[in-house]
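Here is a friendly walk through the contact surfaces of this model. Have the sequence and the coordinates open as you read.

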Amino acid sequence: MAIQRKSNMLIIDGNQAAAIAAKMSRVQVVAAYPITPQTPLTEQLSLFVEQGELKAEYVAVESEHSAMAVCTSASIVGARAFTATSSHGLAYMHEMLHWAAGARLPIVLACVNRAIGAPWNVLNDQQDSISQRDTGWIQIYCRNNQEIMDTIIQAYRIAEQVHVPVMVCYDGYILSHTEMPVDVPEQADVDRYLPPYKPHTSLDPADPKNYNLVTLANPRIGVDGKLCHGYMELRYLLQEALQNSRETILQAGREFNDIFGRDYEHMFWEDRNDDAEITIVAMGSLAMEAIVAADMLREEGIKVGVLGLRVFRPFPKSDVVQALRKSKLIVVFDKNISYGSEGATCSEIKSALYGTYINASVRNFIVGLGGRDIKARELVEATKKAIASLKETVINPDYPEWICQI
Amino acid sequence: MAQKSSLSNRPLEIRWHGRGGQGAITAAKIIAQAAYLKGYKGVTAAPSFGAERRGAPVSASTRISTEPVLVVSQVENPEIVVVLDHTLLKYPDVTHGLGKNGWLIVNSPLSPRELGLKGEFNIATADATKVCQDLELIVAGLVIVNTAILGALVRATKIVDLPTLEKIIRERFSRSTVDINLAAINKTYEITKTGK
């Protein structure tokens, strides 16, 4: 039965969507570095705090490294913590990203995807968050501003259930500064969906504890006489948490649908993959533009579908294999590059396919770095080029092609 | 997820050209909001990406569609180009990609013919600057023409109607500035000249 919902549509940009979502998630501590490469997201949050709309401690720190240090400390004493950054800011946070994940703290970070220097560039690509791939954070990418709003709310549900921090990534400018309609949920519904944060361990002077002290390689007896995990066991548990988080992510998406009427029970988005012989893979807003490219190719009689990656960590290998089972050719567009190798999502796709019965050719294109515009018609041209290349060889090339002027 | 689109639903695209501080981006947003209120489910409004400076040429874009907008790349072939400062017409990228049946809307004291532009598009002109000067729609010494020019846009293209536009202006602007902005829109609507 369809539930009658009050719709509260606002035409807002991605940063406003993220700020409203953090507010509605009732974050208690916001720590952020306010200057470049920051976005207006945190300005909006500080305004909410200033106007009394959000009861949170807003800590304007001197660096992104400190921002994550504050979020870590806040989370460890039981507060729901939020921060946002981009580009060099995220790179500067790198050490503390490891710490937040290692300490198993359910912090949510909005990463507004922007390029990294040198040379200086403030525009969009996904090199910043891809460079943090191995820090132990869950990473979810958004295609539009509605997904930004909804994903931040879901991120707290996921993070607090699996005790792993979540990075919600969205394209700088293309989404962060572009206004579009967003259905803003009712606070009461968000409260129903997202209960208050209950920490698994909290530091309290009234009940002294050791937490994340020097932990050697092997398990050993703690002060309480119990056998404690060694470093490696703790690392295993983090990996296990990410491996097992798929169910929690899907459940969070399903229950979100129950309350808000928007279905997120997906590790990725699929468009017309059912009968597709060729699948375009993209992540972020490019996965929407790819749907337009698929339209254009289908008008020419080429059976194309789109796989829009949503959850990048944990990478949903089995689901991807299932989705690509009919594809003869997979064309992967990456807004990042692992120098000397290929685009990061292409590597994931290839890795997922290894040892399965799927014997598709994979072609990788690097696009959109440093804000380079990438249009649906260019995705079409690249896909046709990939189709033509099959006549020469079905073997996957070692290196990607770049859509640029060299 | 079944999120379909088809080429017949290609969004209508408007590109705005002005100078930093003139309010081109706000104008792009106002039209997006008005179109949404008119029932278009898909609207987007974006500034030109990157750093912007007061007085320097800036652009913005609005997309309007009956379906959610999936295109996020830069506008290439706009149906409508709105120019808030006619001195920008010397730059070829201002009218770039504007098609045969498109509309060029210019804040200028000249008539469409007097602009002497090459191109098969339709042209509408109105002296929005004079309208705003007469109304004293001036902020920090700068004549603010971004609402006035919407009158010319609506007159020429009928993309939205004046009552819808008025609703958005009443929502967005403080009570003290609503009347002057509405007067600027209405006056510019009246004096708009169209031609080729």
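## Contacts within and between chains

In this predicted model, domain 1 of chain A brings 26 residues into contact with 21 residues of domain 2 of chain A. On the domain 1 side, at least two residues each come from α6 (127-130), β6 (138-141), β7 (166-171) and α9 (231-260) of chain A. Of these contributions, that of β6(A) is the greatest, at four residues. Sorted by class, this side of domain 1 of chain A holds 13 nonpolar, eight polar and five charged residues.

Where do the two domains lie along the chain? Domain 1 of chain A covers 9-199 + 245-260, while domain 2 of chain A covers 268-402. Taken over C-alpha atoms, the centres of domain 1 and domain 2 of chain A are 27 Å apart.

Now to the second interface, the one between the chains. How many residues of chain B are in contact with chain A? There are 23, and they meet 28 residues of chain A. On the chain B side, α1 (24-37) and β2 (42-47) each provide at least two residues. The largest share there belongs to β2(B), with five residues. The chain B side that touches chain A is made up of 13 nonpolar, eight polar and two charged residues.

The table sets out the two sides by residue class.

| Side | Nonpolar | Polar | Charged |
|---|---|---|---|
| Domain 1 of chain A, touching domain 2 of chain A | 13 residues | eight residues | five residues |
| Chain B, touching chain A | 13 residues | eight residues | two residues |

How values were computed. Residues numbered from 1 in each chain as written. Chains lettered and ligands numbered in written order. Predicted model: local features only at pLDDT ≥ 70, side-chain atom pairs only at ≥ 80, totals over all residues. Domains from an automatic or database assignment. Contact = placed C-beta atoms within 7 Å. Nonpolar A, V, L, I, M, F, W, Y, C, P; charged D, E, K, R; others polar.
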